[in-house]
Amino acid sequence: MDIRTGATSQDMVENRTFDEIAAGDSAVLRRTLAQQDIDLLAVIAGGGSGGEGASAGPVVTGLVSLLVATELPGPGVVMLGQELAFRGTVSAGDALVLTLTVTGREAGTRELTLSCDCRTEAGREVACGTIRVRAPNEKIRRPRAELPDIRMSRHERFRALMAEAASSEPPVAAVAHPCSAPAIAAAAEAAQAGIVVPILVGPRGKIEQAAAEAGVALDRFRLVETPHSHAAAEEAVALVRRGEASLLMKGSLHTDELLRAVLDRAKGLRTERRLSHVYLMDVPGYPRPLLVTDAAVNIAPDLAIKRDIIQNAIDLAHAMGLALPKVAILSAVETINPKLASTLDAAALCKMADRGQITGGLVDGPLAFDNAVDPWAAREKGIVSPVAGEADILVVPDLEAGNILAKQLTFLAGADAAGVVLGARVPIILTSRADAERTRLASCAVAAKLARLRLAAAPGGEGAA
């Protein structure tokens with residue numbers, strides 16, 4: 001331990017002076033790439049997001065700089081130049097091995113020539129060449145710097161989704177009981193963005209008071225007056241049944257109030273499919289949109305309900321442009337354990353997919369979260385699967401797991417999440433007071449896209465009730 005700083009040897013960085021370095025000395029850096037590494041280095045290099053199959057140049061250059069600055073020679077080094085050739089691309093999950101070896105020394109100038117070899121652990125060459133540096137002549141030992149936490153955002157996906165919605169004819173949304181400032185603001189924001197045309201359904205006095213608090217002008221909206229929240233839910237559903245609206249939006253009433261009206265056998269919007277909630281998530285560091293289901297409606301779904309949950313999510317993925325989504329059925333482990341019911345359900349659901357009871361996607365499970373989304377984790381555990389490490393849809397065991405997962409991705413990983421309820425005759429928008437404006441608009445945009453697809457597929461085409 002360093003008495004002056006209290007740091008251990010692992011917390012310290014110590015250089016090697018020119019006189020301490022001999023020809024043939026080398027340093028090695030091993031790094032398994034995360035998408036965050038690729039995106040950040042691509043932006044620093046002057047490009048956009050690294051995406052899948054990103055150029056090796058920015059990644060290798062960044063790793064070379066790190067190894068030179070910390071190991072060979074270390075603090076005090078001066079970079080003089082480099083001549084590197086890059087081979088192909090790198091992707092999240094690639095395990096890289098970077099080796100720098102001293103091949104030349106110039107005592108008068110303290111210049112070193114380092115050969116560079118970077119390849120994957122499997123042996124594929126990624127980069128090679130030479131680097132010239134000036135080594136320090138004084139010993140330097142200092143605490144290892146802790147890098148700041150930098151997060152990359154992929155809001156482009158949601159912006160593109162909202163732009164698409166705004167460029168199309170907005171569907172009409174029946175908004176049930178928008179009697180709080182956040183609820184009516186959400187409807188007004190979606191209208192202002194050209195995503196939906198709201199019909200406000202509820203007690204006039206409460207709606208007017210909420211509008212005043214939110215600074216929303218009511219004169220541009222149709223208002224259907226009802227005495228209370230239960231009646232608002234029923235009337236909003238009735239507007240859809242009469243063809244006056246093509247989607248539902250939750251206001252400030254409880255979710256179960258709205259869904260009770262939706263599920264009414266005589267006057268509701270039931271179908272043969274179970275209702276389920278899907279989050280369409282834009283997660284920084286993950287190279288594709290991620291669907292998480294069910295985190296809001298079904299508390300402890302049985303096998304039949306999980307079948308509908310999966311099919312609803314696959315249908316949404318198709319609407320979002322994924323022709324054959326990869327569905328990972330999550331559990332705590334990736335092997336079947338008779339004592340863990342979620343693993344048995346996963347096995348049965350995979351067989352149901354094999355027999356055509358679930359269609360339109362590749363289904364595999366049980367998979368643990370890590371090997372569902374991380375190719376390296378899947379390879380390390382020897383999992384051979386077209387889904388593992390590349391999941392588009394995560395199917396959670398129950399609502400608790402889904403709710404925790406979705407909120408962790410949102411609040412800790414900086415993800416955007418657009419939520420929609422599927423399985424009824426029309427999509428249903430559920431928003432929360434804690435949602436950011438971008439999230440509320442994206443939820444409306446997802447539902448609006450589904451509503452337009454439904455109308456286009458109905459007899460009579462676009463505009464049919």
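Visitor: Which residues are linked in a network of salt bridges?
Guide: Start with the pairing rule: a Lys or Arg side-chain nitrogen lies within 4 Å of an Asp or Glu carboxyl oxygen. In this predicted model, the network links Glu14, Glu20, Lys139 and Arg141.

Visitor: How many salt bridges does the structure hold?
Guide: There are 24 salt bridges.

Visitor: Take Glu14 and Arg141. What is the N to O distance?
Guide: It is 3.2 Å, side chain to side chain.

Visitor: Which parts does that pair tie together?
Guide: Look at the elements. Glu14 sits in strand β1 (residues 12-14), and Arg141 sits in strand β9 (residues 141-143). The pair therefore ties together parts 127 residues apart in sequence.

Visitor: Is Glu14 buried or exposed?
Guide: Neither. Partly exposed runs between 20% and 50% relative accessible area. Glu14 has 40% relative accessibility, so it counts as partly exposed. Arg141, with 39%, is also partly exposed.

Visitor: Which residue forms a salt bridge with Asp25?
Guide: Arg16 does. The closest N and O atoms of Arg16 and Asp25 are 2.9 Å apart. Arg16 is partly exposed, at 24% relative accessibility.

Visitor: Now a helix. Where do Lys351 and Asp354 lie?
Guide: Both lie in helix α9 (residues 341-354). They are three residues apart, so about one helical turn separates them. Their side chains meet in a salt bridge, with 3.7 Å from N to O.

Visitor: And Asp354, buried or exposed?
Guide: Exposed means over 50% relative accessible area. Asp354 reaches 58%, so it counts as exposed. Lys351 has 43% and is partly exposed.

Terms used
Residues numbered from 1 in each chain as written. Predicted model: local features only at pLDDT ≥ 70, side-chain atom pairs only at ≥ 80, totals over all residues. Heavy atoms only, no water. Helix = DSSP H or I, 4+ residues; strand = E, 2+ residues; numbered from the N terminus. Buried < 20%, exposed > 50% of the residue type's maximum accessible area, 1.4 Å probe, protein only.
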